[in-house]
Amino acid sequence: MTSTMDVDMDPLGNTCRIAQVLLPLPLPEAYDYAEPPGLELAIGDIVVAPLGPRTIVGVVSGFKPPAGSNRRLRPIIGLFDAPRLPPGALTFARWASDYAAGAPGAGLALALRGLGAPRPVLRPRFVRSRETASNLTPARLKVLEAAASPMTRAELARASGVSAGVIADMIRVGALVPAKAEDPPRETFDADHSPSTLNESQAAAAEAIGQMVAAGKFSVALLDGVTGSGKTEVYLEAAATALRLRPTSQVLVLLPEIALTEAAIRRFQDRFGAAPAQWHSGVASPRRRETWEAVAEGRARIVVGARSALFLPFVDLRLIIVDEEHDGSYKQDEGFVYHARDLAVARGKIERSPVVLASATPSLETLWNARSGRYRHLRLADRHGPAILPDVGLIDLRVSPPENGRWLSPPLVAAVQDTLDRGEQALLFLNRRGYAPLVICRSCGERMKAPDTDSWLVEHRYTRRLVCHLTGFSMPRPELCPACASRDSLVSVGPGVERVEEEARLLFPDARIAVFSSDTAPDARSARAMIEAMERGDYDIMVATQSAAKGHNFPKLTLVGVVDADVGLRGGDLRAAERTFQLLTQVAGRAGRADRPGRALIQTWSPDHAVMQAIASQDRDGFLTTELAEREVLGLPPFGRLAAVILSSHRPDVLEDFARAFAAAAPNAPDVTIFGPADAPLAVVRGRRRKRILVRAARSVDIQTFLHVWRSRRPPPNSVRIDVDVDPYSFL
Ligand code: ADP
Ligand code: ZN
């Protein structure tokens, strides 16, 4: 420590309190600081405090009585210029950290992220008390005169020519009191601006959620209806109920993709006559700060955002909606690992707010909760109005394979041609960016791999580069094979969207064709532009990854072709079948609207697979029931708990030893099974070797505490990092 100062007592002899300040750092507990006299801190106050030679922004999480007289603590520097973190947000941030088996400050870092870099410290301001004091010296009367409007201590001292000690004493006796911020105006949402007339099942669902909102208690509902059945209409009504409840009530709507927020915002705006606030990584930082403050002050009443919006400082959260709740993007896999759907339910519990999970293909976890009665199950009838669900057909690639080096089978090509002839649109879906997923050498068999990571390099034709999708590493496509130096021996293996586009241009030379992926539409604006062009009918064929599979309505789209339905089934992780089913159902659901019936054709090498059969027969419930039964037998989520522990290091020898010792140190607990250590499927990432241990536990086991005890028994050497992923979605 550079400067320590005795602050047990202020100059007037008042004893100072000790403030416990939670810092947004991976520390095991809050730090103690002295509360400077006159600051009058409260729990949730965001403060600037010294940390080593620097300063840091943290949150007051508690107080302790003054310690013994020789205790030397550094004082808090001052209040950070931002509203207080509401109790729910603080509790939630701590809870989320525990849940992720992380340090208490990890969740707080997310809660404070919107504040950006520390701004100048806000000095507390004071005004004169309403009660008139008697027997005042002329000097003190002068101070009171100056304190008609809020001023800092220094300003008051200067304005009235008295010493700082006089001001401090006037604060102590209550002649000067802290100034309160005025209530700024709120967004004006009109709950009755332009409501829709709901159909029968929509009205029933909206009514049920309305009752949950009015009850003002924690509860969860699954809003279950096919794409286009009006789930959005229903939750707009539910939001209206929440807005009518009180002038302060707030609503949070989570969406899995930034690309979906603009459309959602438009619908809220149309419905309520004002635009909701948005919160995601695409929002510029000054704007984020504004939004953060508006949420904390209760001015922002509807927030539409990505998963990190869960950490916003809501003061009166009355409804949380998680749209497309099954979506894998809700799982944050890196850094602070969490699943936004589970955390949304937790935040609802903390705020005593209902939570609505909406989906056409609910996750197994949610469906299981609904079936066992923990969640209300609200079902919507088919598509609203005359629209009907698409016909889904399988194309057996063993029977009708594409030509050599091509990816579209004759039946699919014919169907696309038909569609174009009718002046309608086709979507070719392939969940693979770039041109080819693999580049190999024809002479020596070398596969092009990233230099420091165990992943194949993906060829991108537009940029003429080979790219590692995991780390972002890229290099120009070499002329010579790096292994055997042969010229022109490198060949592209397998299809990506760019290659399917190339094939489509050959087959349909007159068609207007576009590729939609995170490469061609890297941000919300460009995604929006492409989606609008598709809506207008500017394209005949769109070749797209899953970014286009979600939520958009294309009125002239009547054919969806799935180029490689088997992609997601390879690699075999726990959720492969579930995920494939959800994705393909969503994609197929894009076809057909209003008066035009749609068709989905799915190319597969394994048409007998349970997933393909379920999609073809549109037997969602049958499929989910079988999946649930399998998970139950294996003791996997939602019937059991899983956690992945990844140990990584630049030093393979140290890692090897530690992994063995760490596994051996696992606490002996009934109903917990440890698998590993084994090489992680991605055995090297950015030069770090990785080992994986899987923990499977019964539902009754507190897996967070188990992990905590385990880790404290065997702290890693400096060169080894431990990452814990509770309820992993990625098994790499
Ligand atoms: P989902 O969210 O289930 O995909 P949406 O709420 O987006 O469904 O509804 C699909 C389309 O049908 C939208 O264009 C929506 O405006 C329209 N729609 C659904 N229900 C109604 C209704 N009750 N009145 C008018 N339009 C409706
Ligand atoms: Zn070679």
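1. In this predicted model, the cysteines that donate to the zinc ion (ligand 2) are spaced along the chain as C-x2-C-x36-C-x2-C. Of this set, C441 sits in strand 20 (residues 438-441) and C484 in the loop between strand 23 (474-476) and strand 24 (490-493), so this pair ties together parts of the chain that are 43 residues apart in sequence.

2. The coordination itself is made through the SG atoms of C441, C444, C481 and C484, at 2.2 to 2.4 Å from the zinc ion (ligand 2). The arrangement is tetrahedral because the angles that the four donor atoms subtend around the zinc ion (ligand 2) run from 108 to 111 degrees. For reference, the ideal angle for four tetrahedral donors is 109.5 degrees.

3. The accessibility of the zinc ligands deserves to be set out residue by residue. C441 is buried, with a relative accessibility of 2%, and C481 is likewise counted as buried, at 3%. C444, on the other hand, is partly exposed at 39%, and C484 is partly exposed as well, with a relative accessible area of 31%. As to cysteine pairing elsewhere, the structure holds zero disulfides.

4. On confidence, the protein chain has an average pLDDT of 87, and 92% of the residues score at least 70. The stretch to read with reserve is residues 1-13, over which pLDDT stays under 50, and for which the model has 26 contacts beyond four places in sequence.

5. T419 belongs to helix 12 (residues 410-421). Because its relative accessible area is 2%, and the limit for a buried residue is under 20%, T419 counts as buried. The side chain of T419 reaches back to the backbone oxygen of A415, at 2.7 Å. Leaving aside residues up to four places away in sequence, T419 touches E424, Q425 and A426, and also T558 and L559.

6. R74 offers another case of a buried polar residue whose side chain can be followed to a backbone oxygen. R74 is placed in the loop between strand 4 (54-64) and strand 5 (78-79), where it is buried with a relative accessible area of 9%. Its side chain reaches the backbone oxygen of G52 at 3.2 Å.

7. In helix 5 (residues 164-172), the buried residues are I167, D169, M170 and I171. These buried residues of helix 5 pack against strand 6 (125-128), helix 3 (138-146), helix 4 (153-160) and strand 8 (176-178). Just after helix 5 comes G174, which takes a positive phi of about 85 degrees.

8. Two cis peptide bonds should be checked by eye. One joins P637 and P638, with omega at about 5 degrees, and P638 lies in the loop between helix 17 (620-634) and strand 29 (640-649). The other runs from G676 to P677, with omega near 10 degrees, and here P677 is found within strand 30 (residues 672-685). Most peptide bonds are trans, so cis bonds merit separate mention.

9. Positive phi values in residues other than glycine also call for a remark, since most such residues have a negative phi. Q618 has phi near 55 degrees; Q618 is located in the loop between helix 16 (610-617) and helix 17, and it is partly exposed, at 39% relative accessibility. D671, which is not a glycine either, has a positive phi of about 65 degrees. D671 lies in the loop between helix 18 (652-664) and strand 30, and at 51% relative accessibility D671 counts as exposed, because the threshold is over 50%.

10. Finally, a point on residues distant in sequence. H708, in helix 19 (residues 703-713), is exposed, with a relative accessible area of 59%. Although H708 and G102 are 606 residues apart in sequence, their C-alpha atoms are 8.9 Å apart in space.

How values were computed: Residues numbered from 1 in each chain as written. Chains lettered and ligands numbered in written order. Predicted model: local features only at pLDDT ≥ 70, side-chain atom pairs only at ≥ 80, totals over all residues. Heavy atoms only, no water. Helix = DSSP H or I, 4+ residues; strand = E, 2+ residues; numbered from the N terminus. Buried < 20%, exposed > 50% of the residue type's maximum accessible area, 1.4 Å probe, protein only. Polar contact = N/O pair within 3.5 Å; in protein donor to acceptor, adjacent residues only side chain to side chain. Contact = heavy atoms within 4.5 Å. Disulfide = S-S within 2.5 Å. Donors = N, O, S within 2.8 Å, 3.2 Å for Na, K, Ca; no water. Tetrahedral: all angles 85-135°; square planar, octahedral: opposite > 155°, others 65-115°. pLDDT = per-residue confidence, 0-100.
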